[in-house]
Amino acid sequence: MDIGIVSARHAHFAEPLTLKGGSLLPAFDLVYETYGELNAAKSNAILVCHALSGHHHVAGHYAGQPDNLGWWDNIVGPGRPLDTERFFVVGVNNLGGCHGSTGPASLNPTTGKPWGADFPVVTVEDWVAAQARLADHLGIDAWAAVIGGSLGGMQALQWTLSFPERVRHSLVIASSAKLSAENIAFNDVARQAILGDPDFHGGDYYAHDVRPLRGLRLARMLGHITYLSDDQMAEKFGRRQRPGAGSYSFDVEFEIESYLRHQGDKFAGLFDANTYLRMTKALDYFDPALAYDGNLAAALARARAGFLVISFTTDWRFSSQRSREMVHALVHNGQAVAYAEIDSPYGHDSFLMEDTQYHAVVAAYLRRIIL
Amino acid sequence: MTAWQTPMNERADFDLIASWVKPGERVLDLGCGDGSLLKRLIGERGAHGYGIEYEDASVLAAIMNGINVIQGDLEQGLAGFDDGTFNHVVLSRTLQTVRHTERLLAEMLRVGKEAVVSFPNFAYWKNRQAVLKGRMPVSEDLPYEWFDTPNLRFFTLLDFESLCTKMQLVIRERQVLDEAGRLVVTRPNLLGSLAVYRLGR
């Protein structure tokens, strides 16, 4: 069932936050949404962590905007896998984001101008630290579960390492304990597109009243290719052409070109390039095993949570092999883990899709959590 | 791996396996289905268990049962699992459905200190009788018709033991059951419908 009308809330955190990169945020705001009711024992809270382009608007719609559905609406709601009849579900926009939480476009209190280039590079660990402040604010000692896909899955994993006692279950979906060289390469091409845009102005484009739309658009087009599967693209677009194609020009001729340009334009209109740069950096840096000579099992040993790891067969950006590495490290340690490999045609984006087996697995896992 | 129908004497098979697992031991159940055996080993024996299962429906059922189930294909081996991780690696009524028999047995004894293997005995007297009458056997432990069986390999106690010799696997214990799940002591290759072995290196 649909969750119906929802609204966003703000929380202000006046205590400074020291970031992993060494800089200090004097204060920050997080924008978040909640669905369902927190029970008296405060034991039924689930945190949903967003991926690169996500935000706090996870489910439902705002009053008067019935089409503005949350990005993971299909999994949150009464009777849905994240059942709001049973759970209190929290969505939050991460630090450095561009949907209301403190980020590069926010005003820097020391200058009175947008942070721009001065906004620090934030990491998955920093996001989790900021989310923990939100948990304090909401009176939640321990999450029943933290769940996320892709970059969100990295946060779900990091929660179990940063705050082992504050997360009972971690659902790590279409994710990885570290990016591959290929993944970092894609991210850097995306960053180069933004950094090389003449409208970027070293990150201080707000002052020039322009935005590096061309770079951001290219970054998104590239990213989007990697979120789909070859089969799915072949089926959805094939070599189909637009009317008037075959003019031996560089106009939009193939449907896939039209689709990607549309996705790029739509995204560039809504998203902030400085945030995009930082999100991709957070992805690249994430590597909890680094401090353990690359030994993932050693890195995960301090987790106390139970894990559900899910991957998708056609996801080549975060392949099943990356998920299996996490599973094997947890098994090595004798930690509780279930792993499902979902046969889905939609590539990396599968984690956002409604798939019977996928949703049934998430629902079954969450149902067995004792509140 | 678990497309078989549940035989009536399933308990007998599980009874034996459960009796071999000590509290706190780590067990890996290959082709764990809905996790019934693991649930029992965890609940009754205090074991620490994981299962591997290929079929979507069984993975879902195992998650509902609270089992540490890992979706995967046994034909791919047990890559990623470290050597000697488990006290027992169980393969219950599944060996006959596996194509890469030797590789899987070797993998079981790589990740586990002991392999527990049960399988239907093709030389069981009723099966011999059926073949003598000119038909492929259908029995409690071989419950399929020839055209819908998931079983790829048909072998006997003697065949299996000869493979163990060839692979230099040590048979630590063998128990043989009839169709009702009763222990068979004499002439096991003739009177036994299901064999359960404990193997080591």
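A residue counts as buried when its relative accessible area is under 20%. The model used in these exercises is predicted.

**Exercise 1. Burial and surface of chain B**

State what share of chain B is buried, and describe its accessible surface.

Solution.
- Step 1. Apply the cut-off of under 20% relative accessible area.
- Step 2. By that criterion, 56% of the 201 residues in chain B are buried.
- Step 3. The accessible surface of chain B amounts to about 8900 Å², and carbon and sulfur atoms hold 52% of that area.

**Exercise 2. Fold pattern and compactness of chain B**

Give the order of helices and strands in chain B, then decide why this chain can be called compact or not.

Solution.
- Step 1. Chain B contains seven helices and seven strands.
- Step 2. Their order along the sequence is α-β-α-β-α-β-β-α-β-α-α-β-α-β.
- Step 3. For 201 residues the globule rule gives 17 Å, and the radius of gyration of chain B is close to this at 16 Å, so chain B is as compact as a globular protein of that length.

**Exercise 3. Size and contacts of chain A**

Test the radius of gyration of chain A against that of a compact globule, and report its long-range contacts.

Solution.
- Step 1. A compact globule of 371 residues would have a radius of gyration near 21 Å; the 20 Å of chain A agrees with this.
- Step 2. Along the principal axes, the C-alpha atoms of chain A occupy a box of roughly 65 × 50 × 50 Å.
- Step 3. Among contacts in chain A with a separation of 6 or more, 71% join residues 24 or more positions apart.

Terms used:
Residues numbered from 1 in each chain as written. Chains lettered and ligands numbered in written order. Predicted model: local features only at pLDDT ≥ 70, side-chain atom pairs only at ≥ 80, totals over all residues. Heavy atoms only, no water. Rg over C-alpha atoms; globule rule 2.2 N^0.38 Å. Contact = heavy atoms within 4.5 Å. Helix = DSSP H or I, 4+ residues; strand = E, 2+ residues; numbered from the N terminus. Buried < 20%, exposed > 50% of the residue type's maximum accessible area, 1.4 Å probe, protein only. Areas by Shrake-Rupley, 256 points an atom, 1.4 Å probe, with all protein chains shown as cover.
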